[in-house]
Amino acid sequence: FFSFLNLFCLIYDCDSTHRIVANVVPLQPCTACDMSGRGKKRTRSSDEEAPFDGDDTEFLNIKDEPDDKVVDDKVVVAEGESGRITLRAKTKLAENKAKLAESKAKRAENKVRRVSGVMDSIADCWLCPITLELPIDPVTAEDGKIYERSAIEQWLRDHNTSPSTNSPIGPRLFPAPQAKATIEALVRSGAVADDKATAWKAKLADQEELRKLREAADGGEGQAMNELGICYAQGELGLTQDYMQARSWYEAAAAKNNLAAIVNYGWYLLNGQGGSINIGLGMYFTTLGAVKGKLTAMETLGRGFQFAYYGLPMDLAKAKYWYEKVINHPDCKNYRKTRVTENLEYLALQADDEA
């Protein structure tokens with residue numbers, strides 16, 4: 001029994017062991033602690049470290065060691081600089097660190113969301129009241145509002161009132177460089193909503209393409225001149241639709257012997273688009289284009305002879321001639337072929353009526 005008691009003394013402190021058995025048997029000298037009677041509490045050797053006391057603040061100073069040991073698949077003892085801890089404590093520490101990191105990430109995300117919301121609201125203040133998009137070339141009108149230049153210019157051609165307040169305004173427009181710089185900074189920061197930013201970037205790309213096109217046109221390239229005329233005619237690349245400008249560029253390109261521009265300029269002359277009608281000069285350019293195989297010019301001559309347009313006499317045979325040249329042309333697309341075929345069918349009915 002006393003050998004068994006000595007074993008307990010080795011494992012637990014002597015004082016506790018002796019107190020447990022005091023009422024059972026008379027106490028005998030304890031070889032484990034070298035005491036008689038009630039011994040004093042066993043002290044640890046100087047090289048034995050104190051067990052983990054449960055203070056969470058100690059977690060931050062614990063260094064995991066590579067030689068951790070597993071006891072009964074439950075306890076891991078880390079012989080680190082600051083003590084010995086259990087697996088449960090290490091797991092708790094890891095969980096706390098993960099929760100802290102998650103909390104910080106959420107706070108950062110919420111902060112970014114709030115800032116983005118504010119920046120997006122600021123961007124809304126710069127939306128053009130006409131296009132409802134961020135302007136590439138912002139200007140200030142006489143009503144004090146910011147507009148896309150091309151949009152407000154087109155508006156003022158048909159109105160003498162503000163599109164925002166409906167109050168009378170004059171035609172003067174003032175550049176808004178600060179608004180332009182602010183809008184660009186907002187978009188490039190990534191804080192503006194995708195739909196606004198995408199539309200603005202697309203317009204910016206159009207503006208760059210227009211710059212290159214205008215540079216080539218100013219350099220005397222006939223094709224660039226014709227393309228610039230098309231942009232003005234259709235209001236593309238951020239330009240305001242302007243038939244006078246289109247006609248001017250077509251004329252310049254036709255002087256450079258650009259075949260497409262010759263046909264376009266001839267059509268503008270025949271129909272008085274962007275200027276006065278000039279049938280003689282218009283027929284000259286149209287016939288020149290038809291002879292050189294331009295489908296639009298050939299179809300124009302066919303309609304002219306069929307319905308006596310543009311000062312031409314009604315001549316169904318010549319109309320049929322030009323229509324068939326259109327249909328048999330290798331570049332004739334289905335939509336044009338369908339239209340010209342319908343004209344030929346109507347032409348046949350006209351011929352029957354005349355007969």
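Two residues are in contact when heavy atoms of theirs lie within 4.5 Å. With that in hand, look at the protein as a whole, keeping in mind that this is a predicted model. Take the contacts between residues with a separation of 6 or more: 44% of them come from residues 24 or more positions apart.

**The overall picture**

The protein has 13 helices and five strands. It has 355 residues, and 32% of them count as buried. What does the outside look like? The protein exposes about 22200 Å², and carbon and sulfur atoms supply 52% of that.

**Helix H9 and its neighbours**

Let's zoom in on helix H9, which covers residues 259–271. Does its length add up, and what should we expect? At 1.5 Å a residue, its 13 residues should span 18 Å, and the end C-alpha atoms are 19 Å apart, which agrees.

Now for the part of H9 that is tucked away. Its buried residues are Ala261, Ile262, Val263, Tyr265, Gly266, Tyr268, Leu269 and Leu270. Which helices do these buried residues pack against? They pack against helix H7 (222–234), helix H8 (243–255), helix H10 (279–291) and helix H11 (295–307). Right after H9 comes Gly272, with a positive phi near 70°.

**A sheet of three strands**

Time for some strands. Strands of a sheet pair through backbone hydrogen bonds, either parallel or antiparallel. Here, an open sheet of three strands runs in the order E4-E3-E5, and the pairing is antiparallel. Strand E4 (146–148) and strand E5 (173–175) stand at the edges with a single partner strand each, so one side of each has no neighbour in the sheet. From one strand to the next, the twist averages 45°.

How many bridges join strand E3 to E5? Three bridges do the job, with E3 covering residues 138–141 and the two strands running antiparallel. If you want a spot to find by eye, Val139 stands opposite Pro175 in E5.

**Salt bridges**

The structure holds 13 salt bridges. Here are some of them, with the N to O distance for each pair.

| Side chain | Partner | N to O distance |
|---|---|---|
| Lys203 | Glu148 | 3.1 Å |
| Arg157 | Asp242 | 3.6 Å |
| Glu215 | Arg211 | 3.2 Å |

Start with the salt bridge between Lys203 and Glu148. This pair links distant parts of the chain: Lys203 is in helix H6 (residues 194–218) and Glu148 is in strand E4, 55 residues apart. Are these two buried or exposed? Both Lys203 and Glu148 are buried.

Next up is the salt bridge between Arg157 and Asp242. Arg157 lies in helix H4 (residues 149–158) and Asp242 in the loop between H7 and H8, so the pair ties together parts that are 85 residues apart in sequence. Arg157 has a relative accessible area of 45% and is partly exposed.

The pair of Glu215 and Arg211 stays within one element: both lie in helix H6, four residues apart, about one turn of the helix. Glu215 is exposed, because its relative accessible area is 51% and exposed means over 50%. Arg211 has a relative accessible area of 42%, so it is partly exposed. Finally, salt bridges that share partners join Glu133, Glu148 and Lys203 into one network.

Notes
Residues are numbered from 1 along each chain as its sequence is written. This is a predicted model: local features need pLDDT of at least 70, side-chain atom pairs count only at pLDDT 80 or more; totals for chains, interfaces and linings use all residues. Side-chain values use heavy atoms; hydrogens and water are left out. The expected span of a helix is 1.5 Å times one less than its number of residues. Buried means under 20% relative accessible area, exposed over 50%, partly exposed in between (1.4 Å probe, protein chains only). Accessible areas come from the Shrake-Rupley method with a 1.4 Å probe; for residues, only the protein chains shown count as cover. Two strands pair if DSSP finds at least two bridges between them. Axes are lines fitted to C-alpha atoms, for helices over the stretch in contact, and angles run from 0 to 180 degrees between N-to-C directions. A salt bridge is a side-chain nitrogen of Lys or Arg within 4 Å of a carboxyl oxygen of Asp or Glu.
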